[in-house]
Amino acid sequence: MNKTITLKRGLDLRLQGEVAPGSASKPAKTERIAIVPDDFPGFTPKIVVKPGQAVAEGESLMHDKVHTDICLVSPISGIVDEVVRGERRKVLRVTVKPDNSGRKVADKSTDDTKTILMRSGLWAMMRQRPYDIVPSPDHTPVNIFVTAFDSAPLAPDLAAAVAGRSREIEAGVKALSTLTSGKVYITTRDGENIDVPSQAQHITATGPHPSGNAGIQAAAIAPVNKGETIWTLDIVTLARIGALMLNGSTYWSTTVALTGSEVTSPRLVDTVIGTDILDIIGNISDSPSHKRIISGNVLTGVTVSTDGYLRYPYRQITVIPEGDDVDEFMGWASLSSKKMSESRSFPSKIFGRKNFAPDARLQGGRRAMIMSGVYDKVMPMDILPEYLIKAILARDIDKMEALGIYEVAPEDFALCEYVDPSKLELQKIVREGLDYLRKELE
């Protein structure tokens, strides 16, 4: 019997620039792709290719220095263009230009599922809690949680992304079931049409964002305790794992939703993970205003330039006004009905339910942390988020553990950051706290 979880706390942001339901996708040409190690927390890269070297689709570009079987691979066959490094020779990205040779790497040198996944590059697309990092192969998860929907603002439909891939999903569940001592849970949105294999535990979720976050779902189903490990991933990664198990190689294509108020016609684009941003966006708007391009959604995405690349999890681009060229009477305190806010001090909260076109301004100055209880209204986890943030800032490990840091990831605090009157960078604080805790305890 399927279980249903109802999450009442959270917030759905009503933004302009949504892709119309049922829209058909259009292909985009790929001129160059990039793999960025920073997209994979806990992965310490060691480059194994050189500029000018030919690589096949699925061939390793870099591996982890500690667990050398964990690789990040090329999603296309082509020629390595650049290995870009920053300060202290930190690897920023590896870029590859396609050569359309169609060469593929199929790893059949072992029957061990764990090794196959690590070498394929798919292992790095899963996340481990605690710490929200690429899973350590030294730990066995007590459960694995797969989310089949994305509740973030303007996010694409994941069910459509895996339409017709029931065999791959079933094979993926079988593979993951051999790696856990517990269950594989797949959570779908209420009313969503996804065939969940009988080997998985089917969960139906209702509620506002962040109900689509796998970690939020895990906290409502079977929370992780100290000393335990769980893994999380999305249904698209699960289908890729299944394709690998069935065919000996997987697919790296992705459907990207081009969204946001600065996009003239929001649409779906078929491309390859890590592709050049310009290959996706084209001419986005005739507006002369400055624009911010975000790889991902407005809450958790990464700001990129027009010469940047599609970043993990490779499924959404959002374009909004930058706001640095706006001359507005009274600034953030304006009582304009166009001002988006969850505070009842603004008319937009009181009158009507329209879609907004916010810009990227901070809308107020940073200030001391205010213990207002506002985080609790948008955090569906059974934790005390304000006290946890204070414990992280104080680097108090005992309090961090007592307040539930093993359950959380930065993305779980994205809405708290949005409603925060103190304008704190909560996701950055949580990321630094998790890294500190891992360094001290492992």
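This report walks through a predicted model of a single chain, from its overall build down to a few residues.

**The chain as a whole**

Let's start with the big picture. The chain carries 11 helices and 19 strands. Its radius of gyration is 21 Å, close to the 22 Å that the globule rule gives for 442 residues, so the chain is as compact as a globular protein of that length. If you lay the C-alpha trace along its principal axes, it spans about 65 × 50 × 50 Å.

Of the 442 residues, 53% count as buried. The accessible surface comes to about 20,000 Å², and carbon and sulfur atoms account for 47% of that. Take the contacts between residues at least 6 apart in sequence: 68% of them join residues at least 24 apart.

**Strand E13 and its partners**

A good place to zoom in is strand E13, which covers residues 201-206. Strand E1 (residues 3-6) runs parallel to E13 and is joined to it by four bridges. Strand E12 (residues 184-189) also pairs with E13 in the parallel sense, over five bridges. As a reminder, strands of a sheet pair through backbone hydrogen bonds, either parallel or antiparallel.

Two residue pairs help you find your way here. Thr4 stands opposite Thr204 in E13, and Thr187 has Ile203 in E13 as its bridge partner.

Is Thr204 buried or exposed? At 11% relative accessibility, Thr204 counts as buried, because the cut-off for buried is under 20%. Setting aside neighbours within four places in sequence, Thr204 touches Lys3, Thr4, Ile5, Thr188, Arg189 and Asp190.

**Helix H4**

Helix H4 runs over residues 214-221, and seven of its eight residues are buried, so the helix is largely enclosed by the rest of the structure. The buried ones are Ala214, Gly215, Ile216, Gln217, Ala218, Ala219 and Ile221. What lies over them? The cover includes E1, strand E10 (127-129), strand E11 (143-147), E12, E13 and strand E14 (230-234). The strands E1, E12 and E13 from the previous section thus turn up again as part of the cover for H4.

**Pro380**

One of the residues of H4, Ile216, is also a contact of Pro380. Leaving out neighbours within four places in sequence, Pro380 contacts Leu7, Arg9 and Pro210 as well. You'll find Pro380 in the loop between helix H7 (347-350) and helix H8 (385-394). Pro380 counts as buried, with a relative accessibility of 16%. For a sense of distance, Pro380 and Arg103 are 277 residues apart in sequence and 46 Å apart in space, C-alpha to C-alpha.

**An antiparallel sheet**

Elsewhere, four strands make an open sheet with antiparallel pairing, in the order E3-E9-E8-E5. E3 and strand E5 (54-55) are the edge strands, each pairing on one side only. E3 is joined to strand E9 (residues 91-98) by three bridges, and the two run antiparallel. Within that pairing, Ala34 stands opposite Thr95 in E9.

**Rings and charges**

How many aromatic pairs does the structure hold? There are four. Two of them are worth a closer look. Phe40 and Tyr312 form a tilted pair, with 5.4 Å centre to centre and 50° between the planes. Phe40 lies in the loop between strand E3 (33-35) and strand E4 (45-47), and Tyr312 in the loop between strand E18 (302-304) and strand E19 (316-321), so this pair ties together parts that are 272 residues apart in sequence.

Tyr312 pairs with Tyr314 too: their ring centres are 5.7 Å apart and their planes sit at 85°, so that pair is edge-to-face. Together, Phe40, Tyr312 and Tyr314 form one aromatic cluster. Phe40 is buried, with a relative accessible area of 3%, and Tyr314 is buried at 3% as well.

Arginines also sit over rings in two places, listed here.

| Arginine | Ring | Distance to ring centre |
|---|---|---|
| Arg165 | Tyr251 | 3.9 Å |
| Arg395 | Tyr436 | 5.2 Å |

For Arg165, it is the charged end that sits over the ring of Tyr251, while Arg395 lies over the face of Tyr436.

Key
Residues numbered from 1 in each chain as written. Predicted model: local features only at pLDDT ≥ 70, side-chain atom pairs only at ≥ 80, totals over all residues. Heavy atoms only, no water. Buried < 20%, exposed > 50% of the residue type's maximum accessible area, 1.4 Å probe, protein only. Contact = heavy atoms within 4.5 Å. Phe/Tyr/Trp six-rings, centres within 6.5 Å; stacked < 30°, edge-to-face > 60°. Lys NZ or Arg CZ within 6 Å of the ring centre and 35° of its normal. Rg over C-alpha atoms; globule rule 2.2 N^0.38 Å. Areas by Shrake-Rupley, 256 points an atom, 1.4 Å probe, with all protein chains shown as cover. Pairing = 2+ DSSP bridges.
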